[in-house]
Amino acid sequence: MKVIVIGPRGKMGKLITQVAAERDDMELVAGVAPAGRDYVGQDLGMVALIGRNLGVPVVDDLAAVIDDCDVIIDFSTRENALKVLDLAVKHGKALVCGTTGFSEEEFARFKEAAKTIPMLYAANTSKLVNIMNKLLEMVTKTLGEDADIEILEMHDQWKKDAPSGTSKEMGEIMAHAMGKELSDIAVYGREGESPREKGTIGYHSLRAGNIPSSHTVFFGCMGERLEITHHTYNWECFARGACDCAAYLEDKGPGLYSVQDVLNL
């Protein structure tokens, strides 16, 4: 499977390149950097700090190399991801997107794209996070509104969007398990006199240092509580999951796929 990685010097793009280079079922054909970067024209292996040449270029024009690939893996910025999406549709290429922070209108463009290309969107490509999502759905269906649900998510100081895309996905899963929409029941932080309303999902976002990612969901009942938590030690789990997602799209037809499909959950 021939792969293009967007942003090969970024924290995720670099790891995805390293993981893909190790896999026998993947062939890296290009890395695409933002225009003007001083490493454009260099070998992808050196740019992604693999420590050896791959014989693959880093370019700053996706359109110039897109026809050489089977799938694009993009964990870049919200603005750039939308441009990558448009090119993937134009050239009929499969796309794995792990970028977060899109508005509802922007995300609708991904759903529309899935009508013509294999499109896998994942707010979080970790295997264990997606297994956690399954647990959250099961617990919520069992407890319903008998439990007060609160989400605490922690990320590094550079995280742009809050709450995280992962915690939004968790909230949507639990809201749907209650037959509701997250937009109708989400509460973001509290200050002053702010009594808790039954049936809502509370969000709290912490940003500090270089915390990779941590999500805890609290189910509070009278006299007891359940906590389900996922911690990442580094971003390798996301990179490996992203490559698994790309491999899953091989020979798939148009459609909006998820990590749950990859893991058969």
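Q: Why is there no bond between the sulfur of C69 and the closest cysteine sulfur?
A: In this predicted model, the cysteine sulfur closest to that of C69 belongs to C243 and lies 14 Å away, which is too far for a bond. A disulfide would need the two sulfur atoms to be within 2.5 Å, and a search of the whole structure finds zero of them.

Q: And what about C237, which cysteine sulfur is nearest to that one?
A: For C237 the nearest cysteine sulfur is that of C245, at 12 Å, and C237 is likewise in no disulfide.

Q: Are C69 and C237 buried or exposed?
A: C69 counts as buried because its relative accessibility is 2%, whereas C237, with a relative accessibility of 29%, counts as partly exposed.

Q: Switching to the core, how many residues are in the largest nonpolar one, and which have the most contacts inside it?
A: The largest nonpolar core holds 33 residues, and I16, V71 and L249 are those with the most contacts inside it. At least two residues apiece come from β1 (2-6), α1 (11-22), α2 (44-47), β4 (71-74), β5 (94-97) and α9 (236-248), and the element that gives the most is α9, with six residues.

Q: What does V71 touch?
A: Setting aside residues up to four places away in sequence, V71 touches M1, K2, V3 and I4, then A94, L95 and V96, and finally A246 and L249. Apart from the core just described there is another one, of 26 residues, which includes I4, L82, F102 and M119.

Q: Back to α9, which of its residues are buried?
A: The buried residues of α9 are F238, A239, G241, A242, C243, C245 and A246. As for its length, the 13 residues of α9 should span 18 Å at 1.5 Å a residue, and this agrees with the 18 Å between its end C-alpha atoms.

Q: What is the strand order in the five-stranded sheet?
A: The five strands form an open sheet with mixed pairing, in the order β8-β9-β7-β10-β11. Its edge strands, each paired on one side only, are β8 (186-188) and β11 (224-232), and the twist from one strand to the next averages 20 degrees.

Q: How many bridges join β7 and β10, and in which sense do they pair?
A: Strand β7, residues 148-155, pairs with strand β10, residues 213-221, in the antiparallel sense over seven bridges. As one example, L152 has T216 in β10 as its bridge partner.

Q: Which helix packs on that sheet?
A: Helix α6, residues 127-143, packs on the sheet and touches β7, β10 and β11, with its direction making about 165 degrees with that of β11. One of the residues in α6 is T140, which counts as buried because its relative accessibility is 1%. Leaving aside neighbours within four places in sequence, T140 is in contact with I149, M174, A177, M178 and F219.

Q: What do the buried residues of α7 pack against?
A: The buried residues of α7 pack against α6, β7, α8 (182-185), β9 (201-207) and β10. These buried residues are G165, T166, S167, E169, M170, G171, I173, M174 and A175.

Q: Where is the positive phi around there?
A: The positive phi, about 75 degrees, is taken by G179, just after α7. The helix itself, residues 165-177, has 13 residues that should span 18 Å at 1.5 Å a residue, and its end C-alpha atoms are 18 Å apart, in agreement with that expectation.

Notes: Residues numbered from 1 in each chain as written. Predicted model: local features only at pLDDT ≥ 70, side-chain atom pairs only at ≥ 80, totals over all residues. Heavy atoms only, no water. Buried < 20%, exposed > 50% of the residue type's maximum accessible area, 1.4 Å probe, protein only. Core = buried A, V, L, I, M, F, W, Y, C linked by side-chain atoms within 4.5 Å. Helix = DSSP H or I, 4+ residues; strand = E, 2+ residues; numbered from the N terminus. Contact = heavy atoms within 4.5 Å. Expected span 1.5 Å × (residues − 1). Pairing = 2+ DSSP bridges. Axes fitted to C-alpha atoms, helices over the stretch in contact; angles between N-to-C directions.
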